[in-house]
Structure formats: C-alpha cells, structure tokens
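User: I am new to this structure and would like a close look at a single part of it. Please take the sheet, and go through how its pieces are joined and how open they are.

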Amino acid sequence: MTNIVNLDSARRKHRQSKADGITLCQSGFHKWQTMAGQRFDVKQGKLVTTERCARCNIERTKLT
Ligand SMILES: [Zn+2]
C-alpha cells in the first residue's frame, strides 16, 4: 500500500511540473528559441526569423 501511495504522489509531482510550463504558455509566456536559419521573404521584403517554444512546440515567425 505504501508503495502505491509513493508512486502516486511522484506522478502527481511530475504532472504538476509539466502543467506549470503549459500554464506559462497559455499565459503567453512561451519559452522561445530561435531556430537555425533565416530566410528572406521576397513578397514582404523582410527577413523572416522562425522561433519555437521549447515547452509546447508551437512556432512563430518574426519579420525584421
Ligand atoms: Zn509555449
């Protein structure tokens, strides 16, 4: 019985730490990491930088 309780609390702790990151993302605090390589958008005449969130893996592009 004791083992089951310990496992359960360990799982809950893991789930909690994961949820923290997602909560941050949902609040707009993504952990952006610039992806390698930039390209030039001919149509808009701007440099396109792609960034990806390390937690939820969504991508965004920045025009500079
Ligand atoms: Zn995110």
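Analyst: Two residues are said to be in contact, or to touch, when their C-beta atoms, placed from the backbone, lie within 7 Å. With that in hand, a residue in the sheet can serve as a way in: T50 touches M35, E59 and T61, if residues up to four places away in sequence are not counted. Before following those contacts, it should be said that this is a predicted model, in which the chain averages a pLDDT of 83 and 75% of the residues score at least 70.

The chain contains one helix and three strands, and, read from the N terminus, its elements follow the order α-β-β-β. Confidence is not even along these elements, for helix 1, at residues 2-26, has the lowest mean pLDDT among them, 71, whereas strand 2 has the highest, 93. The three strands form an open sheet in the order 1-2-3, and their pairing is antiparallel. Strand 1 and strand 3 are the edge strands, each of which pairs on one side only, and from one strand to the next the twist averages 25°.

The pairing of strand 1 with strand 2 comes first. Strand 1, which covers residues 32-41, runs antiparallel to strand 2 and is joined to it by seven bridges. Among the bridge partners, W32 is matched with C53 in strand 2, and Q38 is matched with T49, also in strand 2. The two strands form a hairpin with four residues between them, and in its turn G45 has a positive phi of about 65°.

W32, which is found in strand 1, shows how this pairing brings distant parts of the sequence together. Its C-alpha atom and that of R52 are separated by 5.4 Å, although the two residues are 20 residues apart along the chain. Once its neighbours within four places in sequence are left aside, W32 is in contact with E51 and C53, the latter being its bridge partner in strand 2. As to surroundings, W32 counts as partly exposed because 15 other C-beta atoms lie within 10 Å, a number that falls between the limit of 12 or fewer for an exposed residue and that of 20 or more for a buried one.

The other pairing is that of strand 2, residues 46-53, with strand 3, where five bridges join the strands and the direction is again antiparallel. Here R52 has E59 in strand 3 as its bridge partner. These strands also form a hairpin, with five residues between them, and N57 is found in the loop between strand 2 and strand 3. N57 deserves a careful look, since it has a positive phi of about 65° although it is not a glycine. For comparison, most residues other than glycine have a negative phi. N57 is also exposed, because 9 other C-beta atoms lie within 10 Å.

It is now possible to return to T50, which lies in strand 2 and stands opposite T61 in strand 3. T61 is also one of the residues that T50 touches, along with M35 and E59. Towards T34, the C-alpha atoms are separated by 6.1 Å, with the two residues 16 residues apart along the chain. Even so, T50 is partly exposed, because the number of other C-beta atoms within 10 Å is 14.

What remains is the question of how open strand 3 and the chain are. Strand 3, at residues 59-63, has five residues, and because the number of them that are buried is zero, it lies largely in the open. For the chain, 0% of the 64 residues count as buried. Finally, among the contacts in the chain with a separation of 6 or more, 16% come from residues 24 or more positions apart.

Key:
Residues are numbered from 1 along each chain as its sequence is written. This is a predicted model: local features need pLDDT of at least 70, side-chain atom pairs count only at pLDDT 80 or more; totals for chains, interfaces and linings use all residues. Two strands pair if DSSP finds at least two bridges between them. pLDDT is the predictor's confidence in each residue, from 0 to 100. Axes are lines fitted to C-alpha atoms, for helices over the stretch in contact, and angles run from 0 to 180 degrees between N-to-C directions.
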